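Biologist: I'm new to this one, and I'd like to know what lies behind the labels people put on it. Can we go through them one at a time?

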There are 2 protein chains.
Amino acid sequence: MMRTRPLKVALLGCGVVGSEVARIMTTHADDLTARVGAPVELAGVAVRRPDRVREGIAPELVTTDATALVKRGDIDVVVEVIGGIEPARGLITTAFEHGASVVSANKALLAQDGAALHAAAEEHGRDLYYEAAVAGAIPLIRPLRESLAGDKINRVMGIVNGTTNFILDKMDSSGAGYQEALDEATALGYAEADPTADVEGFDAAAKAAILAGIAFHTRVRLDDVYREGMTEVTAADFASAKEMGCTIKLLAICERAEDGASVTARVHPAMIPLSHPLASVRGAYNAVFVESDAAGQLMFYGPGAGGSPTASAVLGDLVAVCRNRLSGTTGPGESAYAALPVSPMGDVVTRYHISLDVADKPGVLAQVATVFAEHGVSIDTVRQSGKDGEASLVVVTHRASDAALTGTVEALRKLDTVRGVASIMRVEGE
Amino acid sequence: MMRTRPLKVALLGCGVVGSEVARIMTTHADDLTARVGAPVELAGVAVRRPDRVREGIAPELVTTDATALVKRGDIDVVVEVIGGIEPARGLITTAFEHGASVVSANKALLAQDGAALHAAAEEHGRDLYYEAAVAGAIPLIRPLRESLAGDKINRVMGIVNGTTNFILDKMDSSGAGYQEALDEATALGYAEADPTADVEGFDAAAKAAILAGIAFHTRVRLDDVYREGMTEVTAADFASAKEMGCTIKLLAICERAEDGASVTARVHPAMIPLSHPLASVRGAYNAVFVESDAAGQLMFYGPGAGGSPTASAVLGDLVAVCRNRLSGTTGPGESAYAALPVSPMGDVVTRYHISLDVADKPGVLAQVATVFAEHGVSIDTVRQSGKDGEASLVVVTHRASDAALTGTVEALRKLDTVRGVASIMRVEGE
């Protein structure tokens, strides 16, 4: 198997992840050679700021001209760890055109343009791998795409954003409010200065689109993913969750409808029972729960971000892509043959926990219960507590469609006796 | 990609797993065709008892002559779910000689003869896949072999036998003794009539050998795995574990030595802290915890046995092997280039929990402590309790080699004041 010509790798981006990829390629060169069957050589590193000292990277490899690097023609694999849409998209396309395979960690790009990039890879007979784009070091894309290739996946539900899990875990364990927990996450480096992408669920939604596409062999675009952030989760919500034996997590949920004819993908905070394996995922860790026909329930757990973990996923892909090149083949490409329709959020069926501020007088519960009944939403439990003429009513429903629940809440708001809807939270994992 | 000639599959064995493989191949035929790129056809099923009714399998496919089936020459993939050493070994070798690739679920055979079978596969340019051999449906071999191919795995620690986990979980939750819990496991079908392979750790040891081989790129034979069953774990041990904030699990542990120059593999019951992710693995579930340089800590969780879960793993391999055949390539074969020595159990370094029955008189603790010190085993905590002239002494050590601990215990047994060594249990996961 061993041959002398090394496989040449171009690295685009040399930040937290890229520098770790370069470091491991150097320090573990012998292992990589043995595992690939040929030496793997770092042939160029494209950076924005060439003046920054990059330990262990020969200065002559560093360039600011990423386009020229991917056009060189002798590059076997381009590793893209720049992130964002452009210039990453153009560079990847150019890489395929010039004969290279690509390993990417770019969830935003894959979620938005995965289909076009896969098509470009296939047109040129090259690989596009991106294990690092979802849940960092956790092997997830390969298991879904390959290990479960003979099974039928019905549901993928996961904690795929470490920043928000850190914040929610903090709120749960300390009773802190959202802002206080966010401040701590920022101070400790778990949250970025602008945390929008994380706390508003954009990051998780991109991952949900990628996961749903692979799990259901169906193209799922970022726009197909319902998204609700976690900035409005309060300490009171956590108190309510505790009363139900639950905690709150920001979940990415990809589901096949019960009739199998459509799929949904969504990101929102939800209550889950403490007994559920996802409930005990602490700090910035990620975990993804997969349910399939034959395998049953599987869970994959690990660090969802960080330079080293992400580099581990990138390097696993790099070895696979290098092996494919040596044997003149490619791995599995996009699989979208099922082409199931993606249903809107209104079609999602789940349970709900609703907190209402109501007038403390006889007949209110009857009025509220009537509204639920009129919208076909069956009530599981009601808890009423009151003082000083004001009362709160907590309703937990049986399974109902999101559309029916939305209609219910609209009607409730119109009741004179309902002063306000304090919170609505979905209940998952039961 | 689509072509007309179907890929032909021979199924050896049609018991709990085999019948499920055949069923899914039939009911999910269209999905398999789409995922492989060509139809996948069940071309023959070798069984011992041809008279048994096999729903959904055309009678003309059934044969008792497995050898003739694998020799047919038109078989692309042989799926071996017979188990045991012979005739499985001979049939797999014959399959390679006649041009077929092989998917096997046979942990005993892989652990004993993996190197020879891999060599046969390579000689004939064929694949040997066996995801189902370890931890049933949990994708584990592919992630270790491929996803972590660019990383350095330092430790694999797992619950890889569902029967023993069911028994230990029962003992933990109900306070039952070993025999009572075993009886319940047998009654519920979790334990076989002869549970030896499970409770004495033979099954887990085979899996440990396979996992260690893959994780460390080193041949690890079944004989290299230290093995201790869990039949002597008592309700008293669980009580002691609880006092330490621990539970007891039968663990398969594969470790790289701290200097990186050797590896060890072992199976034995051990105390682990309740805070460790493996502690909350309930019932017959399996879970494997992996620690690597770059990825950090990962965990894989799911059903470790059963017809459907095992069939899911077999079918995942079947799709991969079929895809390889279509593209005229093979997946990663045996990787044993590191060829690290496998150290004996005496070299393993861990912590220990030792219960001693001692005379209740002054000076006993000093005597005991001296013995530990003479053997270089440092004590972490001691708990002494006594009544009626008899006392018990519970010692928890710092990390020490198994050889040092064995020497310590031998010397303790010789002390007049030590009436007996009630139990010795390793403490892991801290």
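Modeller: Let's start with a word we'll need a lot: a residue is called buried when its relative accessible area is under 20%, and exposed when that is over 50%. Keep in mind that this is a predicted model.

Biologist: Then why is H217(B) called buried?

Modeller: H217(B) has 9% relative accessibility, and the cut-off is under 20%, so H217(B) counts as buried. As for where, H217(B) sits in the loop between α10 (202-216) and β8 (226-227) of chain B.

Biologist: What makes the backbone of H217(B) worth a look?

Modeller: Its phi is near 50°, a positive value in a residue other than glycine. Most residues other than glycine have a negative phi. A135(A) is another case, with a positive phi near 60°. A135(A) belongs to the loop between β6 (128-129) and α6 (141-147) of chain A, and at 1% relative accessibility A135(A) counts as buried too.

Biologist: What makes the peptide bond from E86(A) to P87(A) cis?

Modeller: Omega there is near 10°, and the bond is cis. Most peptide bonds are trans. P87(A) is in the loop between β4 (77-80) and α4 (88-97) of chain A. Over in chain B, the bond from E86(B) to P87(B) is also cis, with omega near 10°.

Biologist: How do you know that chains A and B are related by a two-fold axis?

Modeller: Chain B lands on chain A after a rotation of 180° with 0.0 Å of shift along the axis, and the RMSD is 0.0 Å. That is the relation of a two-fold axis. The same surface serves both copies, too: 100% of the contact residues of chain B recur in chain A. In chain B, F300(B) comes closest to the rotation axis, with its C-alpha at 2.4 Å.

Biologist: How many residues does each chain bring to the contact?

Modeller: There are 44 from chain B and 44 from chain A. Between them the chains bury about 3800 Å², with 55% of that on carbon and sulfur atoms. R35(B), Y301(B) and Y337(B) supply 16% of the area that chain B buries against chain A, more than any other three residues.

Biologist: Why are the buried residues of α13(B) said to be on the same side of the helix?

Modeller: The buried residues of α13 (residues 364-374) of chain B are V364(B), V368(B), V371(B) and F372(B). They cover an arc of only 100° around the axis, so they fall on the same side. The face turned away from them carries the exposed A373(B) and E374(B). Among the elements that the buried residues pack against are β13 (349-359) and α14 (402-414) of chain B. Just after the helix, G376(B) takes a positive phi of about 70°.

Biologist: Back in chain A, is T350(A) buried or exposed?

Modeller: T350(A) has 2% relative accessibility, so T350(A) counts as buried. T350(A) is part of strand β13 (residues 349-359) of chain A.

Biologist: What makes T350(A) and V427(A) a polar contact?

Modeller: A polar atom of the T350(A) side chain lies 3.1 Å from the backbone oxygen of V427(A), and the cut-off for such a pair is within 3.5 Å. Beyond its close neighbours in sequence, T350(A) also touches other residues, including R266(A), H398(A) and R426(A).

Terms used. Residues numbered from 1 in each chain as written. Chains lettered and ligands numbered in written order. Predicted model: local features only at pLDDT ≥ 70, side-chain atom pairs only at ≥ 80, totals over all residues. Heavy atoms only, no water. Least-squares fit on C-alpha atoms with pLDDT ≥ 70 in both. Contact = heavy atoms within 4.5 Å. Helix = DSSP H or I, 4+ residues; strand = E, 2+ residues; numbered from the N terminus. Buried < 20%, exposed > 50% of the residue type's maximum accessible area, 1.4 Å probe, protein only. Polar contact = N/O pair within 3.5 Å; in protein donor to acceptor, adjacent residues only side chain to side chain. Arc of directions from axis to C-beta. Buried area = accessible area lost by both parts, 1.4 Å probe. Lists of a residue's contacts leave out its neighbours within four places in sequence.
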